[in-house]
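This report covers selected local features of one protein chain. It takes up two helix residues, then the strands and sheets, then the pockets.

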Amino acid sequence: MKLTPEILKYSADTIRCLCADMIEKANSGHPGAAMGMADLATTLWLKYLKVDPKNPMWFERDRLVFSGGHASSLVYALFHLAGMGKVTMDELKTFRQFGSRCAGHPERGLMPGVEVTTGPLGQGVAMGVGLALAAKKEGISNKTWVFCGDGDLEEGISHEACSWAGAMKLSGLIMIYDSNHITIEGDTSLAMADDAKKRFQSYGWAVLECDGHDFKAIDKTFKKATKISGQPVIIIATTHIGCGSPNKQDTADCHGAPLGAEEVKLVKKGLGFDPEKSFEVSEEVYKLFKSRTAKMHRLAKASSAPAEKKSATEEELLAALPSFDPSKTVATRSACGDVLNALAKLVPELIGGSADLGPSNKTVLKGLGDIAPGNFSGRNIHYGIRELAMTSIVNGITAFSTLRGYGATFFVFSDYCRPAIRLAALMEIPSLFIFSHDSFYVGEDGPTHEPIEHLAAMRMMPNVTTFRPADANETAACLVAMLMHKTGPSCLLTTRQNIPVLSGTSYEGVKKGAYVIFQSGVQDKNTTMFISSGSEVSLCIEAAKKLAEEGKSVRVVSMPSQETFLRETVAYRDSVIPEEMVKRVIVEAASRFGWDRFRLEFHTTRYVTIDHFGASAPYKVLAKEFGFTAENVYNVAKEIA
């Protein structure tokens with residue numbers, strides 16, 4: 001059947017009504033964007049989008065991202081009509097209900113076809129950049145299509161990500177901007193006066209414009225966009241929010257609330273549908289989508305599958321680790337650089353970089369080339385000073401599923417990264433993040449650059465695994481553990497300052513999150529137990545040895561990852577931190593928050609932590625002022641030993 005404008009409009013109007021019905025039945029949702037973008041989305045799906053609902057993981061498929069995830073009803077309507085994920089009509093009727101795959105915002109993992117979890121505005125834009133970059137790295141000539149709206153482009157992340165994509169001449173990325181000039185509070189003129197065309201031209205993007213409801217114009221514009229090379233493309237499509245709603249079109253009233261039963265009937269009547277019927281789809285529309293699916297399935301079957309990549313084993317990674325001289329002191333950021341470079345040879349899928357801090361983070365992969373404008377052969381990415389976009393781009397790279405993306409910055413700037421790390425955790429994708437300068441030991445840069453509460457904040461985020469190694473060897477072990485972890489993002493925290501290379505470190509212990517690194521004397525209820533992470537473990541060992549010389553029984557537990565340790569069996573946790581050892585000293589150059597879970601009795605537990613901002617001074621001065629010396633840790637322990 002020829003896809004005439006009339007047939008496309010009928011299909012799009014069917015989708016409009018489906019979206020209105022889904023939201024009305026749920027009594028919750030955002031009809032405006034879904035109805036406004038229906039013409040664009042229908043044309044894209046039936047004429048341009050290369051996806052195979054019968055083989056959703058087709059490697060050479062186009063990637064489709066709805067950055068404005070509130071338009072999720074449109075996603076599910078398309079999936080149902082095309083057979084993607086076998087989304088049934090009954091499932092559309094459970095939109096936004098507990099246990100439904102048709103969640104309020106599209107969630108990766110609930111059904112095939114949702115490439116990334118979206119909802120927080122702008123995140124999909126940046127992850128789309130990551131997906132497009134990954135396609136370049138993997139050498140496929142697909143397209144990455146990203147639907148976005150006014151809200152996405154108001155969020156600062158869109159500037160960061162689109163500026164980077166333009167600078168890199170990232171072709172194959174096509175963003176469809178649903179420009180309807182309405183947000184929750186009203187007209188965008190309340191707070192937005194951007195000229196989107198000039199803005200994106202300044203980034204180096206190709207800019208196309210069209211009426212988002214003129215099917216001939218949409219078709220012509222999409223066709224032109226697919227032929228542009230050497231730069232990303234934005235299509236500024238002028239649309240009517242809530243298109244088809246006689247009383248709420250072009251108003252904020254239809255942005256984030258159901259239209260109401262009577263208005264839905266008026267929508268259907270105005271579009272030529274039976275106002276008394278709900279969830280109505282004609283056989284003609286089903287056949288159109290079925291025909292497109294069959295065509296794409298033939299295309300997918302004719303394409304060659306990519307060569308299977310062999311992942312390095314844990315044993316191979318461990319065998320490749322560099323050794324560190326125990327007579328020297330080494331900053332764990334430096335150790336991280338040595339280990340990354342050793343492992344990168346065995347992990348060709350590992351690509352990434354820093355937010356303009358590579359020399360400080362030590363995260364440059366030496367001799368492996370840089371990604372540069374129009375040249376995507378290297379493995380180092382220069383993100384510029386764009387932490388938020390960097391983190392989301394890393395998620396897009398990793399969500400592509402054949403690459404492991406990493407990003408790096410100073411730990412204090414993880415505040416800029418948290419929204420994207422949270423989405424990585426929700427998506428259960430193994431993005432990697434490296435944060436150097438992990439404590440007040442940053443020193444002279446002062447409190448603006450000295451993280452205090454950040455470690456506790458990272459640890460409390462579900463499905464994020466944070467590692468803070470005690471020395472160079474633990475750093476190596478942490479990186480291997482991170483590469484082996486595949487069900488969520490991992491964060492590595494490294495020191496700016498040199499710290500001792502310790503005896504007694506253990507990969508198996510690191511992999512389990514915590515282990516006994518030093519002990520002396522009979523291990524019983526009289527033992528004074530130190531629990532620590534990172535650079536403070538060496539202080540605890542010094543203090544413990546001094547107590548041991550006095551005949552005291554001591555134990556030092558290195559806990560590089562609380563989250564990993566808490567996932568271990570009760571038996572293992574009890575073997576490391578026995579319940580009878582009530583005398584506990586907890587030491588970490590960060591907030592005490594979160595450590596109380598390892599306190600057994602209040603009167604027998606002492607803390608050397610920091611719950612105030614840092615200061616500007618040499619780090620050794622700060623360590624003494626804030627009590628992070630072996631002598632002070634010893635004195636604190638003496639109170640209960």
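Leaving aside neighbours within four places in sequence, Thr43 is in contact with Leu8, Tyr48, Phe215, Ile218 and Phe222. The model is a predicted one. Thr43 is part of helix α2, and it counts as buried because its relative accessibility is 0%, under the 20% cut-off. Between the C-alpha atoms of Thr43 and Pro5 the distance is 9.2 Å, although the two are 38 residues apart in sequence.

Ser73 belongs to helix α3, which spans residues 72-82. With a relative accessibility of 1%, Ser73 also counts as buried. Beyond neighbours within four places in sequence, the contacts of Ser73 are Cys19, Met22, Ile23, Ala34 and Phe95.

**Strand β3 and its partners**

Strand β3 covers residues 173-179, and 7 of its 7 residues are buried. In a regular strand, side chains alternate between the two faces of the sheet. In β3, Leu173, Met175, Tyr177 and Ser179 point one way, while Ile174, Ile176 and Asp178 point the other way; all are buried.

Strand β3 pairs with β2 in the parallel sense over 6 bridges. Here Tyr177 of β3 is the bridge partner of Cys148. Strand β7 (residues 233-238) also runs parallel to β3, and 6 bridges join the two. Met175 has Ile234 in β7 as its bridge partner.

**The six-stranded sheet**

An open sheet is formed by 6 strands in the order β10-β9-β11-β12-β14-β13, with parallel pairing. Its edge strands, β10 (380-382) and β13 (465-467), each pair on one side only. On average, neighbouring strands of this sheet are turned by 20° against each other, direction ignored.

Within the sheet, β9 (residues 350-354) and β11 (residues 404-410) are paired in the parallel sense over 5 bridges. Gly352 stands opposite Tyr406 in β11.

Two helices are described against these strands. Helix α16 (residues 414-427) lies across β11, β12 (432-436) and β14 (490-493), and runs at about 165° to β12. Helix α18 (residues 472-484) packs on the sheet and touches β11, β12, β13 and β14; the direction of α18 makes about 170° with that of β14.

**Pockets**

The largest pocket has a volume of about 520 Å³. It is lined by 22 residues, of which Ser311, Glu349, Ser401, Thr402 and Leu403 are the closest to its centre.

For the second largest pocket the volume is about 410 Å³. Its lining has 28 residues, and those closest to the centre are Leu121, Gly151, Ile182, Thr183 and His255. At least two lining residues of the second largest pocket come from each of α2 (31-48), β2 (144-149), α6 (150-154) and β4 (182-183). Helix α6 gives the most to this lining, with 4 residues.

The classes of lining residues are set out below.

| Pocket | Nonpolar | Polar | Charged |
|---|---|---|---|
| Largest pocket | 11 residues | 4 residues | 7 residues |
| Second largest pocket | 11 residues | 10 residues | 7 residues |

Some elements recur across these sections. Helix α2 holds the buried residue Thr43 and is among the elements that supply at least two residues of the lining of the second largest pocket. Strand β2 supplies at least two residues of that lining and pairs with β3 in the parallel sense.

Terms used: Residues are numbered from 1 along each chain as its sequence is written. This is a predicted model: local features need pLDDT of at least 70, side-chain atom pairs count only at pLDDT 80 or more; totals for chains, interfaces and linings use all residues. Side-chain values use heavy atoms; hydrogens and water are left out. Buried means under 20% relative accessible area, exposed over 50%, partly exposed in between (1.4 Å probe, protein chains only). Contact means heavy atoms within 4.5 Å. On a 1 Å grid over the protein atoms alone, a cavity is a set of points where a 1.4 Å probe fits but cannot get out, and a pocket is an open set with protein on both sides within 12 Å along at least five of seven lines; lining residues have an atom within 4 Å of a point. Grid points are joined across faces, edges and corners, and a volume is the space filled by probe spheres set on the points. Ala, Val, Leu, Ile, Met, Phe, Trp, Tyr, Cys and Pro count as nonpolar, Asp, Glu, Lys and Arg as charged, and the others, Gly among them, as polar. Two strands pair if DSSP finds at least two bridges between them. Axes are lines fitted to C-alpha atoms, for helices over the stretch in contact, and angles run from 0 to 180 degrees between N-to-C directions.
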